[in-house]
Each structure stands twice: as C-alpha cells, then as structure tokens.
Amino acid sequence: MKPNDKKPIIKEQPATYDDYAQLPDDGKRYELADGVLELMTPAPTPKHQVIVTNIFTLLSNSCQSEYILFVSPIDLILSNMEVRQPDLAMVHRSRMDIITRRGIEGIPDLVVEVISPHSVKRDKQNKLRTYAAYRIPEYWIVDPAHESLEQYVLSEADNRYELDTVYDREETVQSDRLPWVSFTMAQVVDPAAGLPG
C-alpha cells in the first residue's frame, strides 16, 4: 500500500438509527436488525403490492375511526438499533404520541407482513422473534401462494407469539384485540389474481 492510499473505514460497532437515517438515497430499502443493516431486495412484486393495498383498504373500511394505518415504506423504530419496515402497521388513535416525523417510534397494535419467496425466513423467523421481543401484541403473516393468513398473538407469560389461527381463503379473519376486523383472504387475493409475483 502506498503512503497516500486510504484504508477503507470499517465500522466495528453496531449501526444505530442515526447511521440508518444517513444512508444515501440509492433507491434501495434497508432495515436495521439488532444493529446490522439489511438490504431488502428485490422490490415488492405487483401482486405483493396489490395484496398489501387490499388489506389496507379492508382494514381502513372497518378500523379507521379507531386506528391509524400505515403501509410500507414507514420506519418502525423499536430501538436505536432496531428499525423495521413492516408492510402494514396499525396504531390506536389513543396512542398517536408514538407517531413522529421519523415514523412510528414505539409499539404498534398490529404489524402485517406479506411473504414472498425471498422474505420467508426474514418474516417467519427473524421478524417473528423481533416483534415478539418488543411486545407487539399481534402479528399477521399473509401467504399469497397459499391464500392464507397466520395470526400470531403475544403470550403475556413469556413474550412469545402463539399461533392463534390460520385462516384460509374462505374463512373470516377476526381478532379479539381488533373487533372491527372482518374480511376473507379471498377478498385480499382475488383482485391480485393473474399478476406476477
């Protein structure tokens, strides 16, 4: 190495929200998972986007008077080293103080992830553990390929999720915590039929 050559800067400590917030706008999406920046690729497919929009619309129609709904991209800042971007999040209007200019800074009432082939491990393992550790009361995983929704409810005893119900396409999705919820997976996936994804 020549004397004037600069060594690359290696960040040995975990990344923080400030590091995350200063990322260049390169058109890519990242999450901060326990201090590690993770690239979220590829971009969501058209089918994924329509399904997320359908869930948002169905929840808005029944829950908007009580809850504020967000779709990705929205930063869910769980700690200085844990920043996620769920496909959808709901916050009760009585807790609007956790909604800031930076995003959602606290625990939403519900998070929803729509899985795709490249996100199965992240959504069904990593995020399942993370969302439970931060005590998000309810987590839904939507599987377009199987036209199903897995409903996980936080166990107060040990801060773990219990799989409460798996809804297939014709069953009405309901929630003890969110009594206004009432839709079928057919309503979610049928408008996306035939789209790539």
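This report describes the fold, the central sheet, the nonpolar cores and selected residues of one protein chain.

The structure is a predicted model, in which local features need pLDDT of at least 70 and side-chain atom pairs count only at pLDDT 80 or more, whereas totals for chains, interfaces and linings use all residues. Residues are numbered from 1 along each chain as its sequence is written, and side-chain values use heavy atoms, with hydrogens and water left out.

## Overall fold

The protein chain has four helices and 14 strands; these are DSSP runs numbered from the N terminus, with helices (H or I) of at least four residues and strands (E) of at least two. The radius of gyration is 18 Å, close to the 16 Å that the globule rule gives for 197 residues, so the chain is as compact as a globular protein of that length. This radius is taken over C-alpha atoms, and the globule rule is 2.2 Å times the number of residues to the power 0.38. Along the principal axes, the C-alpha atoms fill a box of roughly 70 × 40 × 30 Å.

Of the 197 residues, 45% are buried; buried means under 20% relative accessible area, exposed over 50%, and partly exposed in between (1.4 Å probe, protein chains only). Among contacts (heavy atoms within 4.5 Å) with a separation of 6 or more, 54% join residues 24 or more positions apart.

## The six-stranded sheet

An open sheet of six strands runs in the order E3-E6-E9-E10-E11-E12, with mixed pairing. E3 and E12 stand at the edges with a single partner strand each, so one side of each is left without a neighbour in the sheet. On average, neighbouring strands of this sheet are turned by 20° against each other, direction ignored. Two strands count as paired if DSSP finds at least two bridges between them.

E3 and E6 pair in the antiparallel sense over five bridges, and Phe70 has Ala89 in E6 as its bridge partner. Helix H2 packs on the sheet, touching E3, E6, E9 and E10, and its direction makes about 175° with that of E3. Helix H3 (residues 120-133) lies across E9, E10, E11 and E12 and runs at about 170° to E10. For these angles, axes are lines fitted to C-alpha atoms, for helices over the stretch in contact, and values run from 0 to 180 degrees between N-to-C directions.

Strands E11 (residues 148-155) and E12 (residues 160-167) also pair in the antiparallel sense, over seven bridges. Val153 stands opposite Glu162 in E12. The hairpin of E11 and E12 has four residues between the strands, and Asn159 takes a positive phi near 55° there.

## Nonpolar cores

A nonpolar core is a set of buried Ala, Val, Leu, Ile, Met, Phe, Trp, Tyr and Cys residues joined through side-chain atoms within 4.5 Å. The largest has 25 residues, of which Ile55, Leu59, Met90, Trp140 and Phe183 touch the most other members. At least two residues of this core come from each of helix H2 (46-63), strands E3 (67-71), E6 (88-92), E9 (110-114) and E10 (138-143), and helix H4 (185-189). H2 gives the most, with six residues.

Residues up to four places away in sequence aside, Trp140 touches partners including Leu59, Leu110, Val112, Leu149, Val173, Leu178 and Phe183. Another core, of 20 residues, lies apart from the largest one and has among its members Ile68, Ile98, Ile104 and Leu128.

## Leu39 and Arg122

Leu39 is placed in strand E2 (residues 36-40), and Arg122 is found in helix H3. At 36% relative accessibility Leu39 counts as partly exposed, whereas Arg122, at 15%, counts as buried. Beyond its neighbours within four places in sequence, Leu39 is in contact with Lys28, Arg29, Tyr30 and Arg122. With the corresponding neighbours left aside, Arg122 is in contact with Glu31, Glu38, Leu39, Met40, Arg84 and Lys127. The C-alpha atoms of Leu39 and Lys28, 11 residues apart along the chain, are separated by 7.3 Å.

## Backbone features in loops

The peptide bond from Ser72 to Pro73 is cis, with omega near 5°, and Pro73 lies in the loop between E3 and strand E4 (76-79). Two loop residues other than glycine with positive phi are listed below.

| Residue | Phi | Loop | Relative accessibility |
|---|---|---|---|
| Arg135 | about 65° | between H3 and E10 | 34%, partly exposed |
| Glu147 | near 50° | between E10 and E11 | 26%, partly exposed |
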